[in-house]
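Hi everyone, thanks for making time for this. I'd like to walk you through one structure today, so let me put it on the screen.

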Protein chains: 2
Amino acid sequence: MRERFLRACARETTDCTPVWFMRQAGRYMAEYRLLRRSHSILEICKTPRLAAEVTQQPIEALDVDAAIVFADLLLPIEVMGLSVEFVSGVGPRIGSPVRSPADVRRLETRRSADLGYVGESIALARKNLGDRVPVLGFVGAPFTVASYMVEGGGSRHYAKTKSLMWSEPAAWRELMERVVEVLVPFAASQVRGGAAAIQVFDSWVGALAPSDYRRFALPYSRDLIGRIRATGVPVIHFGTGNGAFLEVFAQAGGEVIGLDWRVEIGRAWQRVGDSRALQGNLDPIALLAPTEELRRKVHAVLDGAAGRPGHIFNLGHGIIPETPVEQVRAAVRMVREYRPKRLA
Amino acid sequence: MRERFLRACARETTDCTPVWFMRQAGRYMAEYRLLRRSHSILEICKTPRLAAEVTQQPIEALDVDAAIVFADLLLPIEVMGLSVEFVSGVGPRIGSPVRSPADVRRLETRRSADLGYVGESIALARKNLGDRVPVLGFVGAPFTVASYMVEGGGSRHYAKTKSLMWSEPAAWRELMERVVEVLVPFAASQVRGGAAAIQVFDSWVGALAPSDYRRFALPYSRDLIGRIRATGVPVIHFGTGNGAFLEVFAQAGGEVIGLDWRVEIGRAWQRVGDSRALQGNLDPIALLAPTEELRRKVHAVLDGAAGRPGHIFNLGHGIIPETPVEQVRAAVRMVREYRPKRLA
């Protein structure tokens, strides 16, 4: 529900905790798999009619409180001049990755208008959904986007990214600045399309030591988040693997901090402070657990938030393809039916 | 140096911070690669003469303060009745993984004497090294060993492990107890061979939410560590990805807590308390950085420990194969030459 979600972002009281799921539109859903038989991921992303359809699927199927536009955090890489393909069973593969200062200088920063299709998808989904639920937009955080550009895909050790960062700090800075230059207008176009909030995904930030996060990632995330915030919508700032340095991560901004599942939510609130809302943080694999165990875990997250205003229920990372849809639906019902324990 | 290492485990003052590296014997060293041309990993592990040779290689090459026996945390899986092979470029592959209560009941627990070759390797390395440096033994933590047994190898989501844990809690308990029954005498045989300390590697513990760690892993790690401790040697309790719940992890025990690189060491000490020594926690990829950046990072770790007794310098995870040996040697020198800043 639109108001439920937006009030929680602003840490205002709600009738019950709003709930949505990262990757709630995706391979675990039959409707999505059917569409994927005739269209590639990039085709769906770039065809607003299809992207809006996928964006809306979980609203019908799950009764969640927010839709998130179907898109990919690698889309901006294309308009910067690199090729992106999604290889089945492997993940994204990026052509001619960025490895040198010369590679950085070649990156284009003025073509973000070419990403307008994402804003159009949002506008279309908004039109179809009316005021039922807000549609969220998203971008990758500069570190996560840059690490894909340098590694050429997923990575285990991020050795190439860190090597560039440490051996060529000026080129790294320029890389991050160029990424931000593309992400800001991209996020703004999503807001113009009607995005009610923007989530910034720093999916790979957990590869960094906190001192490196401070020097090589935080300034650019802060710049990005501040400039998105200036468009007037709240920002959800999500990371994984960063629970050991959550305080530092939170310094980059975000009305809402998105938590992965290794963090106890009550403790997280102590660490990031009362001025933030929190989103999360059920282990995504818990959706594969027996119903009673799932209920126990959903309740544990809600108990951790202790009925405090400013909690948005979500997973600690995206839904995995093996997840049964029925379990996701059950989790939504559990959140709806939960009543906070009376505090003594 | 033997005394330097052991005094740090006991939080006594040392002339300088002792230093060794996880996976200090391995593919990044030419001597090791040469031996691997004619022997498989398992052959080296099971031939004390070869295992001792590999164990000693970094002592000559690097001047570190401890040797760690060349072995593998999957060796106990073999004596429990599963096959293990190391597939080049893929990692370990385990035959007929454990997926049901019946699979758990089939696991053997009385053949740990067959792992005696590891104790023999330690004895031989000790004999060759004399009192120059201590030789450390190691075992996997029950969760990490069990997750390999269930997944059949490495894993991204640990979905099979978590599913078994949550759907068949009695079978999970029995699995963990059986693993501990094998690991305790295995560790004891390493101590009899002359291991000066045992490191318990909980490499995959970061897959767990803290509440699941408490229920499904901590009791068995605590049992294991307590029983190893009873053999009279200190235990180093190491985990990765667990920085968000370090307090809970430390409850399982260990004179020394081994940290991954996402944790600030000074803060870690506040969280685990003054009664523990700490080991760690340079980002292993920092060994690929330019020398000045490496020095900065080595100093940052040492500054974080603030010259407090009870710090053992190490990485936050193992050395990766691409690491230049010269950089590892340089890191040892940097630790040796470091003098703590005078506190005001």
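Here is something to start with: at what angle do helix H2 and helix H4 of chain A pack, and how far apart are their axes? Before I answer, please keep in mind that this is a predicted model.

So, the helices. H2(A), residues 30–38, and H4(A), residues 48–62, pack at an angle of about 160°, and their axes are 9 Å apart. Anything over 145 degrees counts as roughly antiparallel, and therefore that is what we call H2(A) and H4(A) relative to each other. Their crossing is left-handed. If you'd like to pick out the residues, H2(A) brings Glu31(A), Tyr32(A) and Leu35(A) to the contact, and H4(A) brings Leu50(A), Val54(A) and Gln57(A). Sorted by class, the contact has four nonpolar residues, one polar and one charged.

Now let's turn to the sheet. Chain A has an open sheet of seven strands, paired in parallel, and the order is S1-S4-S5-S6-S7-S8-S9. At the edges sit S1(A), residues 67–68, and S9(A), residues 311–315, each pairing on one side only. Helix H1 of chain A, residues 2–9, packs on this sheet and touches S5, S7, S8 and S9 of chain A. The direction of H1(A) makes about 105° with that of S9(A).

Let me zoom in on one pair of strands. S7(A), residues 256–258, and S8(A), residues 277–282, run parallel and are joined by three bridges. Gly258(A) stands opposite Gln279(A) of S8(A). Lying across S7 and S8 of chain A is helix H14(A), residues 265–272, which runs at about 150° to S8(A).

Finally, the two chains. How is chain B related to chain A? A turn of 180° with a shift of 0.0 Å along the axis lays chain B on chain A with an RMSD of 0.0 Å. That is the relation of a two-fold axis. Among the residues of chain B, Ala244(B) comes closest to the rotation axis, with its C-alpha at 2.2 Å.

The contact takes 28 residues from each of chains A and B. On the chain B side, the elements giving two or more residues are H9(B), H11(B) and H15(B), and H9(B) gives the most, with five. By class, that side has 15 nonpolar, seven polar and six charged residues. And 100% of the interface residues of chain B are also interface residues in chain A, so the copies meet through the same surface.

Thanks for listening!

Notes
Residues are numbered from 1 along each chain as its sequence is written. Chains are lettered from A and ligands numbered from 1 in the order in which they are written. This is a predicted model: local features need pLDDT of at least 70, side-chain atom pairs count only at pLDDT 80 or more; totals for chains, interfaces and linings use all residues. Two strands pair if DSSP finds at least two bridges between them. Helices (H or I, at least four residues) and strands (E, at least two) are DSSP runs, numbered from the N terminus. Two residues are in contact if their C-beta atoms, placed from the backbone, lie within 7 Å. Axes are lines fitted to C-alpha atoms, for helices over the stretch in contact, and angles run from 0 to 180 degrees between N-to-C directions. Ala, Val, Leu, Ile, Met, Phe, Trp, Tyr, Cys and Pro count as nonpolar, Asp, Glu, Lys and Arg as charged, and the others, Gly among them, as polar. Angles under 35 degrees count as roughly parallel, over 145 as roughly antiparallel, 65 to 115 as roughly perpendicular and the rest as oblique. A crossing is left-handed if the near helix is turned anticlockwise from the far one by less than a right angle, and right-handed if clockwise. Copies are superposed by least squares on the C-alpha atoms of residues with pLDDT of at least 70 in both.
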